[in-house]
Amino acid sequence: ADPTLFDQLGGKPGIVKIVDTLLPKLQSDPRIRASFDGIDMHNLSLRLKEQICVVANGPCTYRGKDMKLIHDGLHITDAHFNALVEDLQDAMDESGLSPAVQNRLLARLAPMHRDVVQP
Ligand code: HEM
């Protein structure tokens, strides 16, 4: 059998847990928390869950805005991007996901770097 990444992440409940663990980390991480001041975190939570589900080939639809447009003007640097990835790894560790599964998700998010970190 060849499990989809969606299954390996634990399906929708697994993705919900990852994102619910991640968002408080982003809001308390001194490297990036300022970016999330005044942001609608409930919306961000829903959109991030949809997006991770979609990139993991799960049965979801992303209903958020275009990634380039939403991150435009936020002045996100490589250091910010890497901080978010570290927080995501910590969240996935707390869900007990293996490094192989974690890397599979990170590899699918990596191409978004060009839309998030803009010149
Ligand atoms: C692979 C990395 C990332 C992914 C997959 C991602 C994904 C998303 C998604 C799905 C949204 C919601 C779009 C919507 O509301 O329609 C969003 C919004 C946002 N992201 Fe990211 N993001 C990433 C990296 C970052 C980084 C590194 C930062 C800053 C440190 C950041 C800051 C924000 C902020 C502040 C918003 C809210 C913007 C607003 O509501 O006006 N993101 N992101």
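## A walk from His-71 to the ligand shell

Let us start at His-71, which sits in helix H4; helices here are DSSP runs of H or I with at least four residues, strands are runs of E with at least two, and both are numbered from the N terminus. Residues are numbered from 1 along each chain as its sequence is written. The model is predicted, so local features need pLDDT of at least 70 and side-chain atom pairs count only at pLDDT 80 or more, while totals for chains, interfaces and linings use all residues.

How confident is the predictor? The protein averages a pLDDT of 97, and 99% of the residues score at least 70; pLDDT is the predictor's confidence in each residue, from 0 to 100. For the complex, the predictor gives an ipTM of 0.97 and a pTM of 0.97.

Back to His-71. An unreviewed UniProt entry lists this residue under "binding site"; such positions are given in the numbering used here, with feature names shortened, and the annotations may be inferred rather than shown by experiment. His-71 is partly exposed because 18 other C-beta atoms lie within 10 Å. On this scale a residue is buried with 20 or more other C-beta atoms within 10 Å of its own, exposed with 12 or fewer, and partly exposed in between, with C-beta atoms placed from the backbone. Not counting residues up to four places away in sequence, His-71 touches Ile-76, Asp-115, Val-116 and Gln-118, where contact means C-beta atoms, placed from the backbone, within 7 Å.

Follow one of those contacts to Ile-76, in the loop between H4 and H5. With 19 other C-beta atoms within 10 Å, Ile-76 is partly exposed. Leaving aside neighbours within four places in sequence, Ile-76 is in contact with His-71, Phe-81, Val-116 and Val-117. The loop between H4 and H5 also holds His-75, which has a positive phi of about 55° although it is not a glycine. His-75 is exposed, because only 10 other C-beta atoms lie within 10 Å.

Another residue of this kind is Asn-57, in the loop between H3 and H4. Asn-57 has a phi near 65°, a positive value in a residue other than glycine, and is exposed, with 12 other C-beta atoms within 10 Å.

Now turn to H5. This helix has 17 residues and reaches 24 Å from its first C-alpha to its last, close to the 24 Å expected at 1.5 Å a residue; the expected span is 1.5 Å times one less than the number of residues. Which residues of H5 are buried? They are Ala-83, Asp-87, Leu-88, Ala-91 and Met-92. An α-helix has 3.6 residues a turn, so residues three or four places apart point the same way. The buried residues of H5 pack against helix H2 (11-28) and helix H6 (99-109). Just after H5, Gly-96 takes a positive phi of about 75°.

Finally, look at the ligand. It is surrounded by 22 residues, the closest being Ile-32, Arg-47, Gly-64, Lys-65 and His-80; a residue is near a molecule or strand if its C-beta atom, placed from the backbone, lies within 6 Å of it. Helix H3 (41-55), helix H4 (67-71) and helix H5 (78-94) are the elements that give two or more residues to this shell. The largest share, five residues, comes from H3. By class, the shell has 13 nonpolar, six polar and three charged residues; Ala, Val, Leu, Ile, Met, Phe, Trp, Tyr, Cys and Pro count as nonpolar, Asp, Glu, Lys and Arg as charged, and the others, Gly among them, as polar.

How values were computed. Contact = placed C-beta atoms within 7 Å.
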